[in-house]
Amino acid sequence: MRLSQYFLPLLKETPASAEIASHRYMLRAGMIKQHSAGIYSWLPLGYKVLTKIANIVREEQNKAGAVEMLMPTIQGADLWRESGRYDDYGKEMLRITDRGGRELLYGPTNEEILTDVFRTFIRSYKDLPQTLYHIQWKFRDEVRPRFGVMRGREFLMKDTYSFDMDMDLAVVSYNKMFVSYLNTFERLGLKAVPMRADTGPIGGDLSHEFLILADTGESEVFCHADLVNMDAPGKVDFDSDLQALVDKRTSMYARTDEMHDEGVFHKEVPEDKRLSARGIEVGHIFCFGDKYSKAMDAKVMGPDGKEHFAQMGSYGIGVSRLVGGIIEACHDDKGIIWPKSVAPFGVGIINIRVGDEACDTACESLYAKLSRAGIDPLYDDKSDRGGVKFSRMDLIGLPYQIVVGPRGLKDGIVEVKDRKTGERQELGSDAAFEFITEQFAN
RNA sequence: CGGGGAGUAGCGCAGUCUGGUAGCGCAUCUGUUUUGGGAACAGAGGGUCGCAGGUUCGAAUCCUGUCUCCCCGACCA
């Protein structure tokens with residue numbers, strides 16, 4: 001992308017309302033604009049990152065055998081009355097009345113809708129298991145939205161729902177999502193730790209929250225230190241028994257404050273491995289059995305000729321929250337440091353003498369080659385007033401920068417900077433191209 | 001929902017106590033000179049001071065109401 005053809009409104013000064021790093025940097029890097037409390041427009045740069053995260057989540061869901069669909073944002077009240085949650089959900093649910101006086105709501109989650117889809121079309125145990133998901137906007141009228149997109153009222157969530165014949169099989173589905181989540185967060189450049197969690201209003205007794213550690217996290221967490229640096233499983237056969245992979249994590253102590261038991265913590269974890277920190281919840285999985293299938297009469301015929309309530313699970317990843325979460329985990333005092341997998345552009349090309357024939361030619365050549373190689377460069381082709389140069393390039397946090405100026409070019413040399421380490425090296429133009437493509441090949 | 005703070009130019013703010021018709025920095029536009037880690041100089045444009053009432057000869061400023069946003073807490077798939 002050429003900067004001259006892009007929309008990238010960078011802010012020099014930090015808006016007063018932003019308290020934490022991710023919020024400040026998202027505003028300053030021109031990623032979002034607040035519309036009202038907890039509601040944001042996603043500007044091109046922010047939307048690009050959001051889309052990249054959603055695509056990684058989508059790919060990992062597909063690998064685990066989940067099937068994508070799309071459910072509406074606006075739902076009717078009737079299904080929620082059936083499940084009993086129309087009254088239970090309280091003021092967090094945004095309720096709307098249409099012109100005919102019908103009661104509608106902006107969906108805070110989708111158990112009801114999908115259970116209704118399921119009971120309409122699935123009649124036999126032979127059609128099970130089913131695991132379906134969508135990536136859709138949700139609205140929860142939080143009492144106090146804050147921290148930018150980390151706790152917004154409108155937010156993008158990936159929510160998956162599984163349906164099985166019995167509880168043992170439901171746990172198999174649960175384990176698939178458990179393992180899939182480990183891989184998903186790893187690809188996003190995060191160290192996410194699964195922790196025993198309270199099931200809250202969802203119900204059931206099997207539940208884990210996935211948290212990334214960050215000082216600004218809203219949850220207080222306690223876990224075995226070895227869990228933090230444990231590698232994700234990587235390539236796994238999702239049709240195989242995943243219980244051992246799950247047990248490897250769940251056998252170690254890891255709980256959020258609401259589930260924390262200081263006595264058990266001390267008993268199970270040696271003192272030098274006890275980690276208490278703050279965390280950001282980026283995923284939450286539940287196995288809640290027949291709570292909704294029973295309330296909404298979602299049954300399938302079993303091999304025994306009798307009807308059985310489907311045993312369900314639901315699995316959420318906060319896609320929009322992850323944008324903030326990744327920044328919280330990956331930034332320094334200069335700005336964002338994107339992991340390569342979600343960076344809005346792979347490399348920034350800084351032409352510090354726009355209009356100089358040699359500089360323009362060298363930049364155009366690099367821009368074309370890098371584009372063709374799929375690195376997706378952002379080429380600052382604006383004159384040095386108003387361009388994305390140097391510190392502003394650091395702010396938006398692309399993994400690499402290539403600086404092209406007339407002085408070095410006398411010997412065909414450009415400067416390549418690694419955003420994360422800050423290391424700069426002077427390379428020939430071709431060598432710079434090769435260096436960058438190698439970094440992304442790994 | 002309880003407590004606290006704030007709404008004045010695109011952004012960040014001063015001015016409000018003590019009423020007299022709005023200002024600074026950045027950004028934007030024009031011109032000139034520049035060019036290696038956020039260019040300089042000169043000039044220009046841009047605001048019914050959140051909204052509605054009231055007091056007054058006169059309100060950003062005083063009074064009443066109201067809306068919005070932010071922070072702390074409680075809450076939270």
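Which residue of β21 does I349 stand opposite? In this predicted model, I349 stands opposite I402 of β21. The report below describes the strand that carries I349 and the elements around that strand.

## Strand β19 and its burial

Strand β19 comprises residues 347-351. The strand is mostly covered, with 5 of its 5 residues buried. V347, I349 and N351 point one way from β19, while G348 and I350 point the other way. The residues of both groups are buried.

## Pairing with β20 and β21

Strand β19 pairs in the parallel sense with strand β20, residues 377-380, over 4 bridges. Within this pairing, V347 has P377 of β20 as its bridge partner. To pass from β19 to β20, the chain runs through helix α11, residues 357-372. The resulting β-α-β crossover is right-handed.

Strand β19 also pairs with strand β21, residues 400-404. This pairing is likewise in the parallel sense and extends over 5 bridges. The placement of I349 opposite I402 belongs to β19 and β21.

## Packing of α11 against α14

Helix α11, which links β19 to β20, packs with helix α14, residues 429-441. The two helices meet at an angle of about 30°, and their axes are 11 Å apart. Angles under 35 degrees count as roughly parallel, and α11 is therefore roughly parallel to α14. The crossing of these two helices is right-handed.

On the α11 side, the contact is made by A362, S365, L366, K369 and L370. On the α14 side, S429, F433 and I436 make the contact.

Terms used. Residues are numbered from 1 along each chain as its sequence is written. Chains are lettered from A and ligands numbered from 1 in the order in which they are written. This is a predicted model: local features need pLDDT of at least 70, side-chain atom pairs count only at pLDDT 80 or more; totals for chains, interfaces and linings use all residues. A residue is buried if 20 or more other C-beta atoms lie within 10 Å of its own, exposed if 12 or fewer, and partly exposed in between; C-beta atoms are placed from the backbone. Two strands pair if DSSP finds at least two bridges between them. A crossover is right-handed if, with the strands pointing away from the viewer, the path from the first strand over the helix to the second runs clockwise. Axes are lines fitted to C-alpha atoms, for helices over the stretch in contact, and angles run from 0 to 180 degrees between N-to-C directions. Angles under 35 degrees count as roughly parallel, over 145 as roughly antiparallel, 65 to 115 as roughly perpendicular and the rest as oblique. A crossing is left-handed if the near helix is turned anticlockwise from the far one by less than a right angle, and right-handed if clockwise. Two residues are in contact if their C-beta atoms, placed from the backbone, lie within 7 Å.
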